[in-house]
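Dear colleague,

I am passing on a structure for you to look at, and below it I have written down what was found. Please keep it open beside this email as you read.

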Amino acid sequence: MMKVYFCGSIRGGRDDVTLYQRIVRELQKYGTVLTEHVSRTDLTDRGEEVSAADGDIHDRDVAWLRESDAVVAEVTQPSLGVGYELGRAVDMKKKVLCLFRPSSGRSLSAMVRGAEDGEQFVVKDYSEEQVEEVLLEFFRRVTDNKT
């Protein structure tokens, strides 16, 4: 079974949490989502439960990133943590899909858009209505390249 690491803003802002829920539900069709907690509505921009030390969260998430077969990041809401996770994923040679909604009026970081290579690191402009088809296309490529 495929393991998917989902990235979305937590401390950078939780405006897109309902979209994260939709994405995580779709990702669960392709495998286990190691970071499904990112889509929880009770998770605020203050982060996880107070008892979890930042170092523990970092180490757990990096372990999940290592374990994952693919990384999907919703990058419309700027987030230092998501940027860090993407950099680590690239270094680990993971297949990465970055989802960006131009309708937000924001501009995607050149460091993310510029990393696009069409193979290992894919950046896809999309609208919410396209979530299912964009993920289907990405996972078709990931599974085709695994065999």
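Which residue in S4 is the bridge partner of alanine 70? In this model, which is predicted, the partner of alanine 70 is lysine 95. That bridge belongs to the pairing of strand S3 (residues 70-74) with S4, which runs in the parallel sense over 5 bridges. S3 and S4, together with helix H3 (residues 80-91), make a right-handed β-α-β unit.

S4 also pairs with strand S5 (residues 121-125), again in the parallel sense and over 5 bridges, and here valine 96 stands opposite phenylalanine 121 of S5.

As for how covered the strand is, S4 spans residues 95-100, and 6 of its 6 residues are buried. In a regular strand the side chains alternate between the two faces of the sheet. Both faces of S4 are covered, with Lys95, Leu97 and Leu99 buried on one side and Val96, Cys98 and Phe100 buried on the other.

Cysteine 98 leads to a further point, since you may wonder about disulfides. A disulfide is a covalent bond between the sulfur atoms of two cysteines. A search of the whole structure finds 0 of them. The cysteine sulfur closest to that of cysteine 98 is in cysteine 7, and it lies 7.8 Å away, which is too far for a bond; the cut-off for a disulfide is within 2.5 Å. Cysteine 98 has a relative accessible area of 0% and is therefore buried, and cysteine 7, at 0% relative accessibility, counts as buried too.

With best wishes

Note on methods:
Residues numbered from 1 in each chain as written. Predicted model: local features only at pLDDT ≥ 70, side-chain atom pairs only at ≥ 80, totals over all residues. Heavy atoms only, no water. Buried < 20%, exposed > 50% of the residue type's maximum accessible area, 1.4 Å probe, protein only. Helix = DSSP H or I, 4+ residues; strand = E, 2+ residues; numbered from the N terminus. Pairing = 2+ DSSP bridges. Right-handed = clockwise from strand over helix to strand, strands pointing away.
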